[in-house]
Amino acid sequence: MPATPHTALKRSLNLTLVAFYGIGTILGAGIYVLIGKVAGFAGMFTPVAFLLAAGLAVFSALAYAELAARFPKCAGEAVYVHEAFGSRRISQLVGLAIIAIGVVSSATLVHGVIGYLQVFYPLPEVLTIITLVVALALIAAWGVNESVIIAGLMTLASMVGLCLVIWATGPHLATLPQRWPELLPAAQGGIWLGILLGAFVAFYAYIGFEDIVNLAEETRMPERTMPRAIVIALLVTTGFYLVVAVAVVLTLPAAELAASHAPLARVYTEQTGHPAVVLGLIGVVSVLNGALIQIIKGSRVLYGMSRQGWLPDGLNRLSPRRRTPMRAVAVVGGLILAFALALPLLSLAMLTSIITLALFSLINFALLRVKHVQGPRADGLDLPGWVPWCGGLLSGGFLLYQLLFGLRLGL
C-alpha cells in the first residue's frame, strides 16, 4: 500500500539521535541487572564472557548495517528476508519473531527495574509492573521525536551511572596490572563451560543494535545514517561493558554479585559507604529506557507488517495528530504486561537470547542471498561474503550449544 500523509511516518531523526537510541537499548538491563547473573556463571572471567558476546554480535551487527542501507524500511528483518527469499510466510514468521523479542525483552527490563526500585521502597511488584508498562506505552504513543529524545536523555543518565561505578571502583581498577592474570581463563573444559554460559547471558546485553533499523522510515538519509549508528552504538557499549565488568569482578566476589538484584548499586555502596540513591535512580531510568525503546521497535514492526499486508490492516493506522502507530503501541504494551507478570527475569532474558540468535543466523544468510541475487553495491557499505558466513554460523552454533548444555542445566 503506498504511503499517504495519514500512513507515512515522520522523517525527522538524525545520526546523533539514532545512535543514542541504539546505545540506550543496548545498555539498560544488560549491564545494570544481568552482570550479576553473568558473574554467577563466569566468575572472575566475566569480562571474557562479555568479550565473547561482543565478538558474536559484531558479525550480525555488520550484516544488519548493510541490509539497512540496502532496504531502509520499517519491519526491517521481515523485509530483508522477503527480499532474500521471496516468501511471504517466512517474512511473517520473522516479523512475529521480532515482535516476540521486543515483547519478551521489555518484560525482562520491567522485571529488572524492580531490584533498583527496592533501593528506595519495597513496592508491590504486580502494581509496579502494570504502572510502568502503561507509562512507557503512553510515552511511545506521544511522538517519535519526543520518545527518542527522552530515550536519549535516559541514555546519558545510564552512561553517567556507569561512570559513577567506574569512579567508585577506581582503587580496585588500579590493581589491574598486578591482578590481570586472574582474569585469564585456563584451557580447562569446566571453566569454559561457565564462561560460555555466561557469554550466552551477556549476549542479551548486546541485543538492541538491530532495533535501530526499524526507525529507517523516520530517519534522514537512512542509507548512510543506519550503518553508522549501528557501529557507533556497538563500539560505545562494548567499551563500557568491558571496563565495568573488569571493575566489578576486581571489587566484589562473583557470588555476591550473582546474589544481588541491583549489583551495580551494591558495588557502589560497598565502595563508598553511602546509600546508592543516585545510582539506584539511574538504574531505574536506564532499565526503563531499554523497555521504552523495545516498545517503539515492536510497534514499528507491527505497523510495517500491517502496511505490507502481512497483518490486519488496522495496525497501520496512525494518530492524525502525533503520526504514531497508537494501535500497534497498545498491542505491544498489552503483550509486554502479560509476559512481565508471567515469567521471572532470567527465564525472560534467556528466551530473548534464544529467539534472537535464531533470527540473527537467518538474517546473515539472508544477506548472503541478497548479495548473490543483486550483486555488489555501487556505493555505500558492501561487506565481503565471509562476514555474513561467520555471523550465520556463529549465531547458529552458539544457539545449538545453549540448547544442548544450557537447557540441560535447567536455564
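Reader: Which description fits Trp 386, buried or exposed?
Author: The model is predicted, and the accessibility discussed here is computed from it. A residue is called exposed when its relative accessible area is over 50%. Because Trp 386 comes out at 53% relative accessibility, its class is exposed.

Reader: What geometry do the rings of Phe 59 and Trp 386 adopt?
Author: By the ring-centre rule, the count comes to nine aromatic pairs. In the pair of Phe 59 and Trp 386, the centres are 6.5 Å apart and the planes stand at 75°, so the arrangement is edge-to-face.

Reader: How many residues apart in sequence are the parts that Phe 59 and Trp 386 tie together?
Author: Phe 59 is buried, its relative accessible area being 19%, whereas Trp 386 is exposed at 53%. Phe 59 belongs to helix α4 (residues 46-70) and Trp 386 to helix α18, so the parts tied together by this pair are separated in sequence by 327 residues.

Reader: Which helix holds Tyr 80, the ring partner of Tyr 64?
Author: The rings of Tyr 64 and Tyr 80 have centres 6.5 Å apart and planes at 75°, so this pair is edge-to-face. Tyr 64 and Tyr 80 are both buried. The pair links distant parts of the chain, 16 residues apart, with Tyr 64 in helix α4 and Tyr 80 in helix α5.

Reader: Which residues are linked with Tyr 64 into a cluster by ring pairs?
Author: Tyr 64 is buried, as is its partner Tyr 80. Ring pairs extend to a cluster in which Tyr 64 is joined by Phe 71, Tyr 80, Phe 203 and Phe 360.

Reader: Which helix gives the most to the largest nonpolar core?
Author: In soluble globular proteins, nonpolar side chains tend to be buried together. The largest nonpolar core here has 130 residues, and Tyr 32, Phe 50, Tyr 64, Phe 209, Val 248 and Leu 264 are those with the most contacts inside it. With 14 residues, the helix giving the most to this core is α4.

Reader: How many residues apart are Arg 70 and Asp 382, whose side chains meet in a salt bridge?
Author: The structure holds seven salt bridges, and in one of them Arg 70 meets Asp 382 at 3.7 Å, N to O. Arg 70 is in helix α4, while Asp 382 is in the loop between α17 (345-374) and α18, and the separation along the chain is 312 residues.

Reader: What accessibility does Asp 382 have, and which residues form a network of salt bridges with it?
Author: Arg 70 is buried, with a relative accessible area of 14%. Asp 382, by contrast, counts as partly exposed at 31% relative accessibility. The network of salt bridges joins Asp 382 to Glu 66, Arg 70 and Lys 371.

Reader: Which helix contains Arg 266, the salt-bridge partner of Glu 256?
Author: The side chains of Glu 256 and Arg 266 meet at 3.0 Å, N to O. The pair ties together parts ten residues apart in sequence, because Glu 256 is in helix α13 (residues 254-259) and Arg 266 is in helix α14. Glu 256 is partly exposed, with a relative accessible area of 29%, and Arg 266 is partly exposed at 31%. The helix of Arg 266 is thus α14.

Reader: Which residue just after α14 takes a positive phi?
Author: Helix α14 covers residues 263-272, and its buried residues are Pro 263, Leu 264, Ala 265, Val 267 and Tyr 268. Just after this helix the phi is positive, at about 75°, and the residue concerned is Gly 273.

Reader: What is the C-alpha to C-alpha distance between Trp 389 and Leu 368?
Author: Trp 389 is found in helix α18 (residues 386-406) and is partly exposed, with a relative accessible area of 46%. Leaving aside neighbours within four places in sequence, Trp 389 is in contact with Phe 365 and Leu 368. Trp 389 and Leu 368 are 21 residues apart in sequence, and the C-alpha to C-alpha distance is 7.5 Å.

Reader: What is the area of the nonpolar surface patch that includes Leu 123?
Author: Leu 123 is placed in the loop between α6 (88-117) and α7 (125-142), and its relative accessibility of 35% counts as partly exposed. Phe 120, Tyr 121, Leu 123, Val 277 and Leu 281 make up the patch, whose area is about 460 Å².

How values were computed: Residues are numbered from 1 along each chain as its sequence is written. This is a predicted model: local features need pLDDT of at least 70, side-chain atom pairs count only at pLDDT 80 or more; totals for chains, interfaces and linings use all residues. Side-chain values use heavy atoms; hydrogens and water are left out. Helices (H or I, at least four residues) and strands (E, at least two) are DSSP runs, numbered from the N terminus. Buried means under 20% relative accessible area, exposed over 50%, partly exposed in between (1.4 Å probe, protein chains only). Contact means heavy atoms within 4.5 Å. Patches are made of residues with over 30% relative accessible area and no salt bridge: like charges are joined within 9 Å, nonpolar side chains (Val, Leu, Ile, Met, Phe, Trp, Tyr) within 5 Å. Accessible areas come from the Shrake-Rupley method with a 1.4 Å probe; for residues, only the protein chains shown count as cover. A salt bridge is a side-chain nitrogen of Lys or Arg within 4 Å of a carboxyl oxygen of Asp or Glu. Rings of Phe, Tyr and Trp (its six-membered ring) pair if their centres lie within 6.5 Å; planes under 30 degrees apart count as stacked, over 60 as edge-to-face and the rest as tilted. A nonpolar core is a set of buried Ala, Val, Leu, Ile, Met, Phe, Trp, Tyr and Cys residues joined through side-chain atoms within 4.5 Å.
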